[in-house]
Amino acid sequence: MQYQVHCECKRSITVSGADAGASVRCPCGKTVEVPPLHKLRASAGQITTSPELTLEAMLARGELPDTPNCESCSQFTPGIVWIELMSESSEAAKMPEEAALGCLVGIVSGITDLILKPEPKRPAGYNVWFRIPIRCCPSCEQKLKNTKCREILRRHQLSAALLDKWPHLIVRRVKK
Ligand SMILES: [Zn+2]
Ligand SMILES: [Zn+2]
C-alpha cells in the first residue's frame, strides 16, 4: 500500500507503509516526516483505523445500502429499513467528534426517507450515533428483530468494525 505525504513546498511524495515513522527527502531538499502507520491509513481512508469516518463518508455520498438484495432472504427489493446505533446519554462523552458528525450526516441522509413518516419513538436518555439504511423486503421487515439487525451489521466489514470498536452501542431498528 502506498500513501502520500506533503512537503512544505506543496509537492506530494509517495511513501510506503515501511516508511511510517521515518523521514523522507523531498526533491526540494527538505526532510519530510512520515506519520505513524495508523495516521497514514486514516488519511487514505482505510477502515481499519476509523470505521465511523468511512461510514460517515459513505452515508454522505448515498452509497448505502450497497446491495440491491434483501439482507434476510436475498431477494431483489427496493425496500429499505433504517437501523440506529445508539448509546445511553451517559456514554455520550465517549462519543468521538467524528462519530458525532457521522450521526448528523446519517440523520441528514435519512431525511428523505423519514420525512413521510412520523418521527420514530425513541427511549429518553439515548443518543443516536448513526442511522444506517439496510436493504430489507416488506415481508422480512415484518419479522425483523433488533438481534437480527445486529447480525446483519456484523456481516458487513465496515459496520462490524464499528461494533468492534464501540461494543456498547445499542442496535435498534427504527420503528415506523
Ligand atoms: Zn519539498
Ligand atoms: Zn426479504
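**Exercise 1. Determine how strands β5 and β7 pair, and place them in their sheet.**

*Step 1.* Strand β5, residues 80-88, pairs with β7 in the antiparallel sense over 4 bridges. Strands here are DSSP runs of E with at least two residues, helices are runs of H or I with at least four, and both are numbered from the N terminus. Two strands count as paired if DSSP finds at least two bridges between them.

*Step 2.* Within this region, I83 stands opposite R173 in β7.

*Step 3.* The open sheet has 3 strands in the order β6-β5-β7, with antiparallel pairing. The edges are formed by β6 (126-135) and β7 (170-173); each has a single partner strand, so one side of each is left without a neighbour in the sheet.

The model is predicted: local features need pLDDT of at least 70, and side-chain atom pairs count only at pLDDT 80 or more, while totals for chains, interfaces and linings use all residues. Residues are numbered from 1 along each chain as its sequence is written, and chains are lettered from A and ligands numbered from 1 in the order in which they are written.

**Exercise 2. Describe the largest nonpolar core and the contacts of I134.**

*Step 1.* A nonpolar core is a set of buried Ala, Val, Leu, Ile, Met, Phe, Trp, Tyr and Cys residues joined through C-beta atoms within 7 Å. A residue is buried if 20 or more other C-beta atoms lie within 10 Å of its own, exposed if 12 or fewer, and partly exposed in between, with C-beta atoms placed from the backbone.

*Step 2.* The largest such core has 20 residues, and I83, L85 and I134 have the most contacts inside it. At least two residues each come from α2, β5, β6 and α5 (146-155). The largest share, 5 residues, belongs to β5.

*Step 3.* Apart from neighbours within four places in sequence, I134 is in contact (C-beta atoms, placed from the backbone, within 7 Å) with P65, E71, V81, I83 and I152.

**Exercise 3. Examine the backbone at P65, S74 and K10.**

*Step 1.* P65 lies in the loop between α2 and β5. The peptide bond from L64 to P65 is cis, with omega near -5°.

*Step 2.* S74 is found in the loop between α2 and β5. Although S74 is not a glycine, its phi is positive, about 70°. S74 counts as exposed because it has 12 C-beta neighbours inside 10 Å.

*Step 3.* K10 occupies the loop between β1 (2-6) and β2 (12-16). K10 also has a positive phi, about 80°, and is not a glycine. With 8 other C-beta atoms within 10 Å, K10 is exposed.

Note on methods: Two residues are in contact if their C-beta atoms, placed from the backbone, lie within 7 Å.
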